[in-house]
Amino acid sequence: MWQALAWICTLAALTCDAAPDVAIIQAAYERAGTSGSTLHDKGLRVLSAKCHDHGTNAFLCEVTFISTSDQAQQLYLDIVAVTRTEDGWVLTSGLCRR
């Protein structure tokens with residue numbers, strides 16, 4: 001599958017090795033919540049992310065987030081690790097993956 005995706009990216013002159021963004025990290029976090037972790041906050045919203053390449057298909061990202069259940073809407077910071085797999089992006093460390 002990745003070979004076909006790489007071919008399409010090359011053909012379309014797209015950058016498919018781009019770092020994950022806020023939407024990707026938010027989706028990976030929500031997907032991680034399906035495992036039933038008691039640490040998962042369904043109201044967590046990632047506001048910003050700055051990602052750094054950590055190797056093939058793996059990134060470390062500095063994220064700022066809030067919990068919508070917090071009336072004060074306090075900002076929180078964390079470092080998360082996300083990895084691109086054949087099934088999409090996976091949150092491997094940080095946020096609810098402690």
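How many bridges pair strand β3 with β4, and in which sense, parallel or antiparallel? Strand β3, which covers residues 76-85, pairs with β4 in the antiparallel sense over five bridges, where two strands are said to pair if DSSP finds at least two bridges between them. This is a predicted model, in which local features need pLDDT of at least 70 and side-chain atom pairs count only at pLDDT 80 or more, while totals for chains, interfaces and linings use all residues. Residues are numbered from 1 along each chain as its sequence is written, and side-chain values use heavy atoms, with hydrogens and water left out.

The protein chain has two helices and four strands, and these terms refer to DSSP runs, numbered from the N terminus, with helices being H or I over at least four residues and strands being E over at least two. Read along the sequence, the elements follow the pattern α-α-β-β-β-β. The four strands form an open sheet in the order β1-β2-β3-β4, with antiparallel pairing, and its edges are β1 (44-53) and β4 (88-93), each of which pairs on one side only. Neighbouring strands of this sheet are turned against each other by 35° on average, direction ignored; here axes are lines fitted to C-alpha atoms, for helices over the stretch in contact, and angles run from 0 to 180 degrees between N-to-C directions.

Helix α2, residues 22-32, packs on the sheet and touches β1, β2 (58-67), β3 and β4, where contact means heavy atoms within 4.5 Å. The direction of α2 makes about 115° with that of β1.

The pairing can be followed from strand to strand. In general, strands of a sheet pair through backbone hydrogen bonds, either parallel or antiparallel. Nine bridges join β1 to β2, which run antiparallel, and one of the paired positions is L44, whose bridge partner in β2 is S67. Eight bridges join β2 to β3, again in the antiparallel sense; along this border F59 has V82 as its bridge partner in β3, and F65 stands opposite Y76 in β3. Strands β3 and β4 form a hairpin with two residues between them, and in β4 the bridge partner of R84 is W89, while that of A81 is S93.

Strand β2 is mostly covered, with eight of its 10 residues buried, where buried means under 20% relative accessible area, exposed means over 50%, and partly exposed lies in between (1.4 Å probe, protein chains only). T64 has its place in this strand and counts as buried because its relative accessibility is 18%. Leaving aside its neighbours within four places in sequence, T64 is in contact with R45, V46, L47, S48, L75, Y76 and L77.

The structure also holds one disulfide, a term for a pair of cysteine sulfur atoms within 2.5 Å. The disulfide is formed by C51 and C61, with their sulfur atoms 2.1 Å apart, and the link is right-handed, with 110° about the S-S bond. C51 lies in strand β1 and C61 in strand β2, so the pair ties together parts that are 10 residues apart in sequence. Both cysteines, C51 and C61, are buried, and for C51 this follows because its relative accessibility is 19%. Apart from its neighbours within four places in sequence, C51 is in contact with A19, P20, I25, F59, L60 and C61. C51 and E62 are 11 residues apart in sequence, and their C-alpha atoms are 6.3 Å apart in space.

Outside the strands, H40 is found in the loop between α2 and β1, and H40 counts as buried because its relative accessible area is 17%. The side chains of H40 and Y29 are joined by a polar contact of 3.4 Å, meaning a pair of N or O atoms within 3.5 Å, of which, within protein, one must be able to donate a hydrogen and the other to accept it, while residues adjacent in sequence count only if both atoms are side-chain atoms.

Some totals complete the picture of the chain. Of its 98 residues, 32% count as buried, and among contacts between residues at least 6 apart in sequence, 39% join residues at least 24 apart. The protein chain exposes about 6300 Å², of which carbon and sulfur atoms supply 56%; accessible areas come from the Shrake-Rupley method with a 1.4 Å probe, and for residues only the protein chains shown count as cover.
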